[in-house]
Every structure is written in C-alpha cells, then in structure tokens.
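Trainee: Take me through one strand of this chain in close detail, please. Once that part is clear, carry on to the contacts and charged pairs elsewhere.

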Amino acid sequence: MGRTLRTLSILLSLLVPVHSTRSPDCGGILTPLGLSYFAEVSKPHAETVLRQDLLAPAVPDLLVGSTKPSRTQINSVKVTELSLSLVPDSGLRLSVDVDLGITPAPSTTKVTRLSIRADLHVEMNPEGNLEVVTSACKPTMEEVQSTEERERSILWFSLLWDLVSKLLLSPNEELISLTAQFPVSPSCQLQYLPLAAPVFSEQGITISLQTTFQVAGMAIPLPVSPVPFNMPELASSSPAHLTLAFSEHFFSSLFFALEMAGAFNMTILSPLTTATVAPKITQMGSLFPEDLPVVLQAVFRSSTRVVLEEGKAALKLLLTVHVGAGSPAFQSFLSVNVDMSAGLLLSVTNTRMIISAPDALLEELFLPTIRTEVPAQINVVLSEGVVLPHISSFTYTNINVVIHKDYVLVPCNLQLQERTGAQTTVG
C-alpha cells in the first residue's frame with residue numbers, strides 16, 4: 001500500500017503548477033572581508049603556478065633575447081602581495097606583486113619586482129557554470145631600461161597574460177563544484193543552479209541560486225513560490241566573510257521533494273494488538289480471528305509547509321494515519337486525519353544544514369505512538385543534513401543561523417580545507 005500511495009503522490013505532483021520562469025529561492029553574498037580572505041589563501045596557489053612557468057628553462061631567454069644562449073636565469077619566485085578588490089557593477093581587480101631573483105652572471109643575483117594588474121569578471125558559460133575570465137591585463141617590471149630589453153619584454157608580457165589565465169584555472173574548477181548534485185536521501189538529490197552572473201557592488205558579490213531536485217534520477221516539478229525571493233540587504237559592517245540566504249520556499253521545496261521520494265512514508269508498529277482493541281471495535285473479532293499487532297501507516301494528505309517567523313521556524317504536517325493489521329498484506333480498519341505542527345531547529349555543521357523537529361505539538365493527535373514516532377522518523381530522514389551551496393575546498397566556520405519572517409540568513413566565515421566546522425543551533 002505504501003508503494004501505491006507513493007506512486008499516486010508522484011503522479012499527483014505532476015498536476016502541481018511548476019516554475020513557469022526560473023526564479024531564485026536562495027543565494028549568497030561574499031563580502032569584501034570574504035574576498036580579502038580568498039585572496040590571502042590564494043597566494044600559495046599563485047606562487048606555485050608562477051614558479052612552474054617562470055622557472056621553466058625557456059623563460060629566462062625572454063629576458064635577454066631568445067636568439068642566443070644565455071647564462072641569465074630566474075632562480076626564485078616569491079609572491080609578496082596578492083589582492084582582489086571590488087569594481088562595482090563590473091567585476092574584480094586582481095593585483096599581484098612578485099619578486100624575481102634573477103642571476104645575470106655567475107657571481108651576482110638581483111631582485112626584480114614584477115607587478116600584474118588584471119581586470120576580471122564572471123560569466124555564465126554554456127554549461128550553466130560560473131566562470132572567471134580576464135578582460136584586461138597590465139604587467140610591469142622594474143629595471144627594464146634599454147630599448148632592446150623593452151622590445152623583448154613584449155614576449156614576456158604575452159607570457160604573463162597566459163599566466164593570469166592559468167591562475168584562474170583552479171578558482172574556475174572550484175566554481176564548477178558549486179553546481180554539483182548532493183544527496184538528501186537515498187533516492188533524492190539536490191542541485192544549486194546559478195541564474196545569472198553575480199552582481200558586484202560595494203556590499204560584495206551577490207549570487208542568486210535556484211534549487212532543483214531529482215527523485216530516482218528524474219527532475220520533479222516544484223510548486224511556484226507565492227512571493228518572489230530577493231537577496232536581503234546586509235549591514236555594511238557585517239563581520240562575516242559570507243552570508244547565505246534561504247527563502248521559506250526553499251525549505252518547503254525540500255520537504256516536498258523528500259515527500260515525493262517517499263522518505264516520509266511511515267509504517268509504525270503499535271504496542272496494541274487486535275485483541276486489546278476488540279472490546280472497543282466490535283468488528284475486530286470477525287476481521288482478525290488471530291491476535292495480531294496493530295500497525296499504523298502514516299502518509300501525507302497534503303504538501304508539507306514550512307513557516308518562518310522572527311526567531312522561529314515551524315513545520316505544518318497534514319497526515320492521514322491508517323490503522324490496521326496483517327503481514328505481509330496490510331488491512332486497514334480505521335483511518336484518522338492528523339494535523340500536526342512541529343517546531344524546527346536549524347543548525348549548520350561544516351557545509352550542511354541540520355534540521356530537526358524535536359518539539360512536536362500534536363494537539364489533535366490522540367495516539368501516543370504517533371505522537372512519538374512521527375517526529376522520530378522525520379528526524380531520521382533529516383539527520384544527515386542538507387548540503388549548502390559551497391565550493392569544494394572551503395568549509396564554513398563562525399556560523400550563525402538567524403531566522404526572519406520568510407527567510408533564513410546564515411552569516412559565516414570561510415575556512416580553506418577545514419573539515420570540522422562549528423555548530424550553532426537556533427530554535
């Protein structure tokens with residue numbers, strides 16, 4: 001019966017109005033502080049890329065001319081400064097200062113300062129991923145004085161343009177991980193899709209995302225959000241590197257997808273038996289001559305709804321509980337409609353949002369078994385958490401979860417290759 005109900009619920013979901021246009025239900029804002037942190041942790045990667053290319057055997061000849069052998073060579077590369085700054089309504093400015101140790105003769109070494117200034121912007125590529133590209137690049141080098149050296153530097157600067165492109169390879173690979181599919185349950189997967197290139201402002205870099213779900217490998221239609229979601233304005237003094245935002249519709253879509261996957265179809269063994277129920281329901285004797293355990297099957301009779309208010313979140317469940325017995329053939333002898341409201345607790349660990357419903361307020365529910373088992377089984381489904389939008393080499397720390405009316409904010413800091421994030425809980 002559970003499988004039949006699940007199939008029916010999926011078929012009925014096809015009648016639910018779907019997104020007629022792509023619209024965001026979550027997103028994030030990378031603040032100037034977060035951009036500075038990203039630049040700081042990118043210095044070792046930039047130095048590695050520059051060393052690989054500038055210490056190559058073919059590179060030194062560009063400094064002295066490639067037509068004749070030379071003993072001049074670059075023997076050290078050190079990135080002394082790497083910064084990223086916002087260019088509102090445009091993109092980013094990358095500044096890299098590199099000290100090159102150049103040996104022009106066996107006995108002497110001089111240090112030459114190489115400076116690279118590049119303008120970057122973010123595009124949506126045909127695959128639907130975000131990609132950082134270079135729109136302008138201006139390298140300069142100290143101690144390039146003679147006409148001959150300046151002419152040779154043209155070759156040098158063309159090499160540096162290629163180097164800037166190589167510097168962006170790793171960030172672009174990380175951006176692809178943003179759109180990976182993440183499991184929510186054994187048969188349900190979640191994916192965050194960027195709707196457009198990010199918006200650059202003095203506030204930071206704002207990206208809008210749409211959540212999609214697949215059940216058993218097939219995309220499922222989601223109900224249309226009654227209210228368009230816009231990323232909220234942040235305080236200019238925010239100490240967080242990144243603030244994630246999730247709409248009320250995001251949470252309702254999550255529960256809808258899990259319901260379509262059958263994650264909340266529950267079969268619960270009651271402590272009662274048909275013999276103990278028979279004195280109150282006279283038909284039991286004829287229906288079940290043998291004494292059998294009473295079994296409860298709970299299914300949703302309407303879509304789950306999440307309601308966000310200031311400082312609290314609630315889950316509204318409309319269930320039908322079928323009471324019966326028999327194994328393997330379940331035979332129902334009573335059906336009860338149950339309206340259930342449960343408070344939700346939201347927390348974040350690493351890059352997962354943990355959702356739980358420990359405080360069930362089952363005012364209209366009279367079955368003690370359902371009162372305890374329904375929240376318990378929902379919590380089992382949600383216990384692994386929901387993976388938040390992130391790029392693969394970063395985790396979240398200093399996390400806060402703030403519930404507002406209609407949306408949830410998650411201010412946090414970025415941590416490179418950290419796998420043990422802090423946890424904060426708000427009820």
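Mentor: Let's fix one word before we look: a residue counts as buried when its relative accessible area is under 20%. Keep in mind too that this is a predicted model. The part I'd pick is strand β11, residues 242-247. In this chain, β11 is where confidence is highest, with a mean pLDDT of 96.

So how many of the residues of β11 are buried? It's 6 of the 6, so the strand is largely enclosed by the rest of the structure. Now split it by face. In a regular strand the side chains alternate between the two faces of the sheet. On one side of β11 you have Leu242, Leu244 and Phe246, and on the other Thr243, Ala245 and Ser247; both sets are buried, and both faces are covered.

Next, the pairing. Strand β1, residues 26-30, runs antiparallel to β11 and is joined to it by 5 bridges. If you want a place to start in the viewer, find Leu30, which stands opposite Leu242 of β11. Strand β21, residues 407-416, is also antiparallel to β11, and here 6 bridges make the connection. For that pairing, go to Leu244, which has Val410 of β21 opposite.

From β1 you can step across to another strand. Thr206 lies in β9, residues 204-215. Its contacts, leaving aside neighbours within four places in sequence, are Gly28, Ile29, Pro198, Val199 and Met231. Thr206 is buried as well, at 16% relative accessible area.

Now for Glu259, a charged residue in helix α6, which covers residues 248-260. Glu259 is buried yet has no salt bridge, and the nearest side chain of opposite charge, Arg301, is 11 Å away. What does Glu259 touch instead? Beyond four places in sequence, the list is Phe264, Phe300, Ser302, Ser303 and Thr304.

Arg301 itself does have a partner. It forms a salt bridge with Asp339, with the closest N and O atoms 2.6 Å apart. That pair links distant parts of the chain, 38 residues apart: Arg301 is in the loop between β13 and β14, and Asp339 is in strand β16 (residues 331-349). Arg301 counts as partly exposed at 37% relative accessibility, and Asp339 is partly exposed too, at 29%.

Side chains of opposite charge can pair when their charged atoms come close. The count for this model comes to 7 salt bridges. One of them joins Asp53 to Lys166, again with 2.6 Å between the closest N and O atoms. Asp53 sits in helix α2 (residues 32-54) and Lys166 in helix α4 (residues 147-167), so to speak two distant parts of the chain linked across 113 residues. Asp53 is buried at 15% relative accessible area, whereas Lys166 is partly exposed at 36%.

Another salt bridge brings us back towards β21. The side chains of Glu309 and Lys405 meet at 4.0 Å, N to O. Glu309 lies in strand β14 and Lys405 in the loop between β20 and β21, so the pair ties together parts that are 96 residues apart in sequence. Glu309 is partly exposed at 30%, and Lys405 is partly exposed at 44%.

For a polar residue in a loop, try Asp291, between α8 (284-287) and β13 (293-300). Beyond four places in sequence, Asp291 is in contact with Thr273, Thr274 and Ala275. Its side chain makes a polar contact with the side chain of Thr273 at 3.0 Å, and it reaches the backbone nitrogen of Ala275 at 2.9 Å. The C-alpha atoms of Asp291 and Ala325 are 9.5 Å apart, with their positions 34 residues apart along the chain.

Finally, where should you hold back? The chain averages a pLDDT of 80, and 80% of the residues score at least 70. Confidence is lowest in helix α1, residues 2-13, at a mean of 42. pLDDT also stays under 50 over residues 64-69, where the model has 6 contacts beyond four places in sequence, and over residues 144-148, with 4 such contacts. Where pLDDT is low, the predicted coordinates should not be read in detail.

Methods
Residues are numbered from 1 along each chain as its sequence is written. Side-chain values use heavy atoms; hydrogens and water are left out. Buried means under 20% relative accessible area, exposed over 50%, partly exposed in between (1.4 Å probe, protein chains only). Helices (H or I, at least four residues) and strands (E, at least two) are DSSP runs, numbered from the N terminus. Two strands pair if DSSP finds at least two bridges between them. Contact means heavy atoms within 4.5 Å. A polar contact is a pair of N or O atoms within 3.5 Å; within protein, one must be able to donate a hydrogen and the other to accept it, and residues adjacent in sequence count only if both atoms are side-chain atoms. Lys and Arg count as positive and Asp and Glu as negative; His and the chain ends are not counted. pLDDT is the predictor's confidence in each residue, from 0 to 100.
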